[in-house]
Amino acid sequence: MKLPLSAGSPDSAPELAKPSLPATWLILHALFCATSMAVGFRFSRLVVFLLFLPTPPLNPAAHLVSLVSPPVMLASSNATATITTTTTTTTTVTTTTTVAETDNAHHQVHHGPVFVGRHAIRVRKWPHPDPSELLKAHHILAAVQNAQRSSRRRGNGPPRPVIAVTPTATSALQAPSLTSLAHTLRLVDGPLVWIVVEPGHRTDAVAAVLARSTLDFHHLVGPEAASTAQLRMHALREIQRQKMDGVVVFADENGILRTELFDEAQKVKSVGALPVGILGEDEGTKESFMQAPACDEAGKLVGYHVSDETVLPADRSDMLLSSRLEWAGFVLNARVLWESGASAAERPEWVRDLDAIVDAGGAHLDSPLALVTDAGRVEPLAGCAQAALAWSLRSDALREVKFPHEWKFDAPLVNAASRQQSVANTEDGH
């Protein structure tokens, strides 16, 4: 009689170990990963949801649609939402969900997960129930983004004050141009002072525009019958006398300025040049062209584009001074105008003193290069003429036309009888 072998006998055959739960999960996970690579989305998560949910849904197909479809916001009142999803096999599954009315006064919003690729993104509830507070938050974000864009264009650090110089004279363009220019200057990010110079005396029209602008301004009076160049020089003398610190921008009343010009002006160290477009008439010829600094491959200034076809070298000062360059295309550091102090000692030797310019006879006051002795030392800005940052309108004919006083009607209102009579006369004339 043979005794049965005990379980611990060395002669007994080894019993195969049952696979553990982690090993089974790894096998399933590998199978799911291979399936996911074939079908293009996370198949394992959908299968796990369908197999291991404690309370499986009544309609598995509808649950599958809810997992892969975008979230649907369901209102708190009785409503019926219809979700239609078309799969890759052109099978359309439609499910209808009815939400019962709740006692809560606020609208309840139900959000589900959003699947973008293989990652689930949870959609949170509406950030704030008060739309006005949400609008304030959007305004704060917009202000921060604008400040970041401005600092990226002009560099780090707080912006230097901008000093806008505008010589003006009574003409048909005066009130419209100054009004448009005031709106542009109000968009400048940072402190700004507007210097407006008139010949002979201050006019009420200019004073009204300055008062409505809400800007810090200086309303100056230049010599009687002074030219635009002399008025501009009078403003520079005022900057020199008061030792105003900042960046000087020449905002003529016949000019159109982009806000990017003021950001580029923040980069100037002494005197800088910017691209400017010319519109209208030039010496009797109607044309439009650009004036801008010309640079080599290293970004160093080598000349100036005085027109589309002409580039004058920087060492030909005599030709450049007579080429009628626009002041709107130049900016300068206000400290180079000071006569005394530490800033005057640091002023480059190639920057002329204002008294030296006037003593020279003022023959070239119309050219901004009269401020320097070496035109090749001027700093090219705006990526050396990538795009125009200002435009100058040249039209002497508009300055000579007659225009209504203060651009408004002073005549009394026309009554109904006279208006009917004028209409009848007009019809008879036709």
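This passage goes through the disulfide, one helix and the aromatic pairs of a predicted model.

Cysteines come up first. The structure has one disulfide, and its partners are Cys-295 and Cys-384, with the two sulfurs 1.7 Å apart. A disulfide is a covalent bond between the sulfur atoms of two cysteines. Looking at where the two ends sit, Cys-295 belongs to strand 13 (residues 289-295) and Cys-384 to helix 12 (residues 382-385), so the bond ties together parts that are 89 residues apart in sequence. As for handedness, the torsion about the S-S bond of Cys-295 and Cys-384 comes out at about 100°, so this disulfide is right-handed. Cys-295 has a relative accessible area of 24%, and because buried means under 20% and exposed over 50%, Cys-295 ends up as partly exposed.

Next comes helix 7, which runs over residues 228-242. How well does the span of helix 7 agree with 1.5 Å a residue? With 15 residues, helix 7 should span 21 Å, and its end C-alpha atoms are 22 Å apart, which agrees. Quite a list of its residues is buried: Ala-229, Leu-231, Arg-232, Met-233, Ala-235, Leu-236, Glu-238, Ile-239 and Gln-240. That list takes in Arg-232 and Glu-238 along with Leu-231 and Ile-239. Just past the end of helix 7, Lys-243 adopts a positive phi of about 50°.

That leaves the aromatic rings. Searching the whole structure turns up two aromatic pairs. One of them brings together Phe-250 and Trp-327: the ring centres are 4.8 Å apart and the planes meet at 70°, so the pair counts as edge-to-face, for which the angle has to be over 60 degrees. Phe-250 sits in strand 8 (residues 247-250), while Trp-327 sits in the loop between helix 9 (317-321) and strand 16 (330-333), so this pair ties together parts that are 77 residues apart in sequence. Are these two rings buried or exposed? Phe-250 counts as buried, at 1% relative accessibility, and Trp-327 counts as buried too, at 4%.

The other pair is made by Tyr-304 and Phe-330, and this one is tilted, with 6.3 Å from centre to centre and 35° between the planes. Here Tyr-304 comes from strand 14 (residues 301-305) and Phe-330 from strand 16, so the pair ties together parts that are 26 residues apart in sequence. Tyr-304 is buried, with a relative accessible area of 2%, and Phe-330 is buried as well, with a value of 7%.

Conventions. Residues are numbered from 1 along each chain as its sequence is written. This is a predicted model: local features need pLDDT of at least 70, side-chain atom pairs count only at pLDDT 80 or more; totals for chains, interfaces and linings use all residues. Side-chain values use heavy atoms; hydrogens and water are left out. A disulfide is a pair of cysteine sulfur atoms within 2.5 Å. Helices (H or I, at least four residues) and strands (E, at least two) are DSSP runs, numbered from the N terminus. Buried means under 20% relative accessible area, exposed over 50%, partly exposed in between (1.4 Å probe, protein chains only). The expected span of a helix is 1.5 Å times one less than its number of residues. Rings of Phe, Tyr and Trp (its six-membered ring) pair if their centres lie within 6.5 Å; planes under 30 degrees apart count as stacked, over 60 as edge-to-face and the rest as tilted.
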